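Me: Could you choose a single part of this model and take me through it slowly? I am in my first year, so please explain each term when it comes up.

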Amino acid sequence: MGSREFPERPIIGVGGITIAHDNDGDRVLLVRRASEPLMGQWSVPGGALELGESLKQGVERELLEETGIEVEALEVVEILDRVLRLPDGRVQYHYVLIDYLCRPRGAATDPKPCEPKPSSDASDARWIARGELGEYGLRPDMLAVIEKAFRMAC
């Protein structure tokens, strides 16, 4: 694959919005990005789809790599495009993002989710309470997609 920065064509990205319901309330799994684009910002875990991999396989692999948590990808929540341009108009990054609703594997028998262990492209990974999402600097469009996933998970 070509470079992710200044790509020749859009890159397909997959993300997993993993929802947990337990006695502590509704929570979502977020990561702090360790590299560009959006380094240092909180986001849903995800990354580029690899050749030969299905969308669901890509989501499940990315979440395991970034958080150490095994998930089951269920259904598409949203499809977004993310184009980041330099001041001179050149496209620095261009992703077509497909975000899936996910649940931790084993959630039916043990609703308490495992603690995430950030690795790969994440400098931190946490379960965030639904009511605390505003404290993590998420983009408005990302907050809307996460809220849509909470509604779908009910």
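Reply: A good place to begin is V76, which stands opposite Y100 in strand β6, and β6 is the part that I will follow here. This is a predicted model, in which local features need pLDDT of at least 70 and side-chain atom pairs count only at pLDDT 80 or more, while totals for chains, interfaces and linings use all residues. Residues are numbered from 1 along each chain as its sequence is written, and side-chain values use heavy atoms, with hydrogens and water left out.

Let us place the strand first. The protein chain has 2 helices and 7 strands, where helices (H or I, at least four residues) and strands (E, at least two) are DSSP runs numbered from the N terminus. Along the sequence these elements follow the pattern β-β-β-β-α-β-β-β-α. Strand β6 covers residues 91-104, and 10 of its 14 residues are buried, a word that here means under 20% relative accessible area, with exposed set at over 50% and partly exposed in between, using a 1.4 Å probe and protein chains only. For the protein chain as a whole, buried residues make up 42% of the 154 residues.

Now look at the neighbours of β6, remembering that two strands pair if DSSP finds at least two bridges between them. On one hand there is β5 (residues 71-85), which runs antiparallel to β6 and is joined to β6 by 13 bridges. The strands β5 and β6 form a hairpin with 5 residues between them, and in the turn G89 has a positive phi of about 95°. On the other hand there is β1 (residues 11-22), which runs parallel to β6 and is joined to β6 by 8 bridges. You can find this pairing by eye at V14, which stands opposite I98 in β6, and again at T18, whose bridge partner in β6 is C102.

The partner β1 deserves a short detour. In β1, 10 of the 12 residues are buried, so this strand is largely enclosed by the rest of the structure. Strand β1 also pairs with β4 in the antiparallel sense over 3 bridges, with A48 in β4 as the bridge partner of G13. In addition, 4 bridges join β1 to β2 (residues 25-33), again antiparallel, and a hairpin joins β1 to β2 through 2 residues, with D22 standing opposite G25 in β2.

Returning to β6, consider its rings. Rings of Phe, Tyr and Trp (its six-membered ring) pair if their centres lie within 6.5 Å, and planes under 30 degrees apart count as stacked, over 60 as edge-to-face and the rest as tilted. By this rule the count comes to 2 aromatic pairs. In one of them, W42 and Y136 are edge-to-face, with 5.1 Å from centre to centre and 90° between the planes. This pair links distant parts of the chain, 94 residues apart, since W42 is in strand β3 and Y136 is in the loop between β7 and α2. The rings of Y93 and Y95 have their centres 6.5 Å apart and their planes at 15°, so this pair is stacked. Both Y93 and Y95 are buried.

Finally, β6 borders an open space. On a 1 Å grid over the protein atoms alone, a pocket is an open set of points with protein on both sides within 12 Å along at least five of seven lines, unlike a cavity, where a 1.4 Å probe fits but cannot get out; lining residues have an atom within 4 Å of a point. The largest pocket holds about 460 Å³ of space, where the volume is the space filled by probe spheres set on grid points joined across faces, edges and corners. Its lining has 27 residues, and R33, P37, L38, S43 and L97 lie nearest the centre. The strands β1, β3, β4, β5 and β6 each supply at least two residues of this lining, and β6 gives the most, with 4 residues. By class, the lining has 13 nonpolar, 7 polar and 7 charged residues, with Ala, Val, Leu, Ile, Met, Phe, Trp, Tyr, Cys and Pro counted as nonpolar, Asp, Glu, Lys and Arg as charged, and the others, Gly among them, as polar.
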